[in-house]
Amino acid sequence: MSEIKLVRIYSHEQEKGFRVLVDRLWPRGISKVKADLDLWAKEMGPSNELRKWFNHDPQKFPEFKTKYLAEIKANSETKSFVELVSEKLKKGDVIFLYGAKEPLHNQAVILKEYFTSLLK
């Protein structure tokens with residue numbers, strides 16, 4: 001069964017599948033060749049304002065999650081992104097790549113939860 005997997009783009013262990021960078025900013029020090037992306041979904045990342053406010057502070061994560069989910073729901077790109085990821089999941093795993101050091105408190109975690117709730 002295909003699934004959405006979360007992988008830090010800097011990780012040495014890179015999963016196989018449809019690779020989507022879900023950060024608004026390109027990760028420092030990663031070349032386009034090394035990234036080996038199928039898609040850079042920068043429009044699905046949190047707004048610059050929200051990203052800067054959050055600043056990867058685990059204390060702010062619950063509020064960040066609420067605000068980011070509101071952005072996802074209001075985003076005009078969300079519907080087509082959901083359709084694309086749903087199609088790709090029929091063929092294999094989809095890998096959400098992110099640059100954050102913190103594996104539990106980042107936007108990719110929220111985006112995966114959002115998808116999981118839609119696909120049930």
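**Why these labels? Rings, cores and one helix**

Student: The charged end of K67 sits over the ring of W53, 4.2 Å from its centre. What makes that count as a charge over a ring?

Tutor: The rule is that NZ of Lys or CZ of Arg is within 6 Å of the ring centre and within 35 degrees of the ring normal. K67 at 4.2 Å from the centre of the W53 ring is inside that distance limit, so the label fits. K32 gets it too, with its charged end over the ring of W26, 4.0 Å from the centre.

Student: What sort of model are we reading?

Tutor: A predicted one, where local features need pLDDT of at least 70 and side-chain atom pairs count only at pLDDT 80 or more, while totals for chains, interfaces and linings use all residues. Residues are numbered from 1 along each chain as its sequence is written, and side-chain values use heavy atoms, leaving out hydrogens and water.

Student: How many aromatic pairs are there, and how is the F54 and F64 pair classed?

Tutor: There are nine. F54 and F64 are 4.0 Å apart centre to centre, with 10° between the planes. Rings of Phe, Tyr and Trp (its six-membered ring) pair if their centres lie within 6.5 Å, with planes under 30 degrees apart called stacked, over 60 edge-to-face and the rest tilted. By those limits, F54 and F64 are stacked. F54 is in helix α2 and F64 in helix α3, so the pair ties together parts 10 residues apart in sequence.

Student: Are those two rings buried or exposed?

Tutor: F54 has 3% relative accessibility and F64 has 2%. Buried means under 20% relative accessible area, exposed over 50%, and partly exposed is in between (1.4 Å probe, protein chains only), so F54 counts as buried, and so does F64.

Student: What about Y114 and F115, how is that pair classed?

Tutor: Edge-to-face: their planes are 90° apart and their centres 6.3 Å. Y114 and F115 are both buried. Back at F54, ring pairs link F54, F61, F64 and Y68 into a cluster.

Student: How do you know that α4 has the span expected of a helix?

Tutor: Helices here are DSSP runs (H or I, at least four residues; strands are E, at least two), numbered from the N terminus. The expected span is 1.5 Å times one less than the number of residues. For the 14 residues of α4 (78-91) that gives 20 Å, and the end C-alpha atoms are 20 Å apart, which agrees.

Student: What makes you say that its buried residues line one face?

Tutor: T78, F81, V82, V85 and L89 are the buried ones. Seen down the axis, they fall within an arc of 100° (from the directions of the helix axis to the C-beta atoms), so they line one face of α4. On the other side, K79, K90 and K91 are exposed.

Student: Which residues touch the most other members of the largest nonpolar core?

Tutor: In that core of 26 residues, they are V20, F81, V85, V94, F96, L111 and F115. A nonpolar core is a set of buried Ala, Val, Leu, Ile, Met, Phe, Trp, Tyr and Cys residues joined through side-chain atoms within 4.5 Å. Elements giving it two or more residues are β2, α2, α3, α4, β4 and α5. Another core, of seven residues, lies apart from it, with V7, I9, A35 and L97 among them.

Student: Why is N55 called exposed?

Tutor: Its relative accessible area is 58%, so N55 is exposed. N55 is in the loop between α2 and α3, and its phi is positive, near 50°, though it isn't glycine.
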